Amino acid sequence: MSPTRRTTRRSLARRRVPRAAALALLLATATACANDVPEADWSRGLLPDHVTEQGGIVQSLWNGAWIAALATGAVVIVLIVWASIFHRKRKASADLPPQVRYNLPIEILYTLIPLVMVSVFFFFTARDSEALARVDGDAPVKVKVEAFQWSWRFTTTYNGRTLQPVAGMPVNDYRQGPQLVLPVDTKVEFDLSTDDVIHSFWVPAFLFKRDVIPGIPEGNPGRKFQITTLNKPDVYAGRCAELCGVDHSRMLFSVKLVSKQEFDQYVATQQAGSAQ
Ligand SMILES: [Cu+2]
């Protein structure tokens, strides 16, 4: 390498370091601004702590996929390093190395191993998608979710009694958006609908989101999903996950998980309101 080229490289590197640092700082501040981003933990593969039984299914599928991907990556890297260290071109000879074209056992191996890997991924994904999409129909709490530009209306039915709808408007903080109150350790069925554009119902702590598409008739299984809440009472952020117009980013809501007693009290007050 010529001395001039070395200096250019060094000065390039010198220029890049502060730029990278500035970018990192910008990213850190940008994340800090979003107050509704749940805490991600390396032990969970950077997913938020899940608050539904179904979230557990997603978490283990996620873990398994990463373990398989990392194991595959490790094997590939070891093979690359091994080949590049022990199978270098010998300076003395100009001959080609032994060619392995039309080597049937190796070709079968090339085909079978990826096929087996994809099949394993497919099996677990299909099994878990089926479990996540299952709706029994006997959930004690049913929530009709109506998405609109740019907020949500939640109408809860508990043991056959329908509460007053909770409707919101665009907000900057999810805590000011409409709040859906749900009891812990309970099966909840959601029915999603919209009259305007495509939205997407997303509660990060559920580790699940589902598009809300206009025109899907009532009773269609594509509108429904079901969760079983875990005993983790708290307030969780929810948002629209489909760019749906100018105030899409303010289409925020919250889900409050409460004890069954508190939920009964909530139902009582909501019913008193609906009697007016
Ligand atoms: Cu939306």
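Leu207 counts as buried, because its relative accessibility of 13% falls under the 20% limit. In this predicted model, Leu207 is found in the loop between strand β7 and strand β8, the latter covering residues 208-212. Its phi is near 50°, a positive value in a residue other than glycine. The chain around Leu207 has 276 residues, of which 29% are buried, and its secondary structure comes to four helices and eleven strands.

**Backbone details**

- Leu46 also has a positive phi, of about 70°, although Leu46 is not a glycine.
- Leu46 lies in the loop between helix α1, which covers residues 3-33, and helix α2, and with a relative accessible area of 42% Leu46 is partly exposed.
- The peptide bond that leads from Gln149 to Trp150 is cis, with an omega near 5°, and Trp150 itself lies in the loop between β1 (141-148) and β2 (151-158).

**The copper site**

- Four protein residues serve as donors of the copper ion, namely His199 through ND1, Cys240 through SG, Cys244 through SG and Met251 through SD, and they lie 2.1 to 2.6 Å from the ion.
- The site of the copper ion is tetrahedral, since the angles among its four donor atoms run from 93 to 125° and such a site is one in which all angles lie between 85 and 135 degrees.
- As a point of reference, the ideal angle for four tetrahedral donors at a metal is 109.5 degrees.
- Along the sequence, the donor residues of the copper ion follow the spacing H-x40-C-x3-C-x6-M.
- His199 belongs to strand β7 (residues 199-203), whereas Cys244 sits in the loop between β10 (234-240) and β11 (252-258), so this pair of donors ties together parts that are 45 residues apart in sequence.
- Both of these donors are buried: His199 has a relative accessibility of 0%, and Cys244 has a relative accessible area of 7%.

**Helices α2 and α3**

- Helix α2 (residues 53-86) and helix α3 (residues 104-133) have axes that come within 10 Å and cross at roughly 170°.
- That crossing angle makes α2 roughly antiparallel to α3, because angles over 145 degrees are counted in this way.
- On the side of α2 the contact is made by Gln54, Ile57, Val58, Leu61, Ala65, Ala68 and Thr72, while α3 contributes Met117, Phe121, Phe124, Thr125, Asp128, Ala131 and Leu132.
- Sorted by class, the residues in the contact of α2 with α3 are ten nonpolar, three polar and one charged.

**Gln54 and its neighbours**

- Gln54, which is found in helix α2, counts as buried at 12% relative accessibility.
- When residues up to four places away in sequence are not counted, Gln54 touches Leu132, Gln226, Ile227 and Thr228; Leu132 is among the α3 residues that make the contact with α2.

**Contacts across the chain**

- Among the contacts in the chain with a separation of 6 or more, 66% are accounted for by residues 24 or more positions apart.

Conventions: Residues numbered from 1 in each chain as written. Predicted model: local features only at pLDDT ≥ 70, side-chain atom pairs only at ≥ 80, totals over all residues. Heavy atoms only, no water. Donors = N, O, S within 2.8 Å, 3.2 Å for Na, K, Ca; no water. Tetrahedral: all angles 85-135°; square planar, octahedral: opposite > 155°, others 65-115°. Helix = DSSP H or I, 4+ residues; strand = E, 2+ residues; numbered from the N terminus. Buried < 20%, exposed > 50% of the residue type's maximum accessible area, 1.4 Å probe, protein only. Axes fitted to C-alpha atoms, helices over the stretch in contact; angles between N-to-C directions. Parallel < 35°, antiparallel > 145°, perpendicular 65-115°, else oblique. Contact = heavy atoms within 4.5 Å. Nonpolar A, V, L, I, M, F, W, Y, C, P; charged D, E, K, R; others polar.
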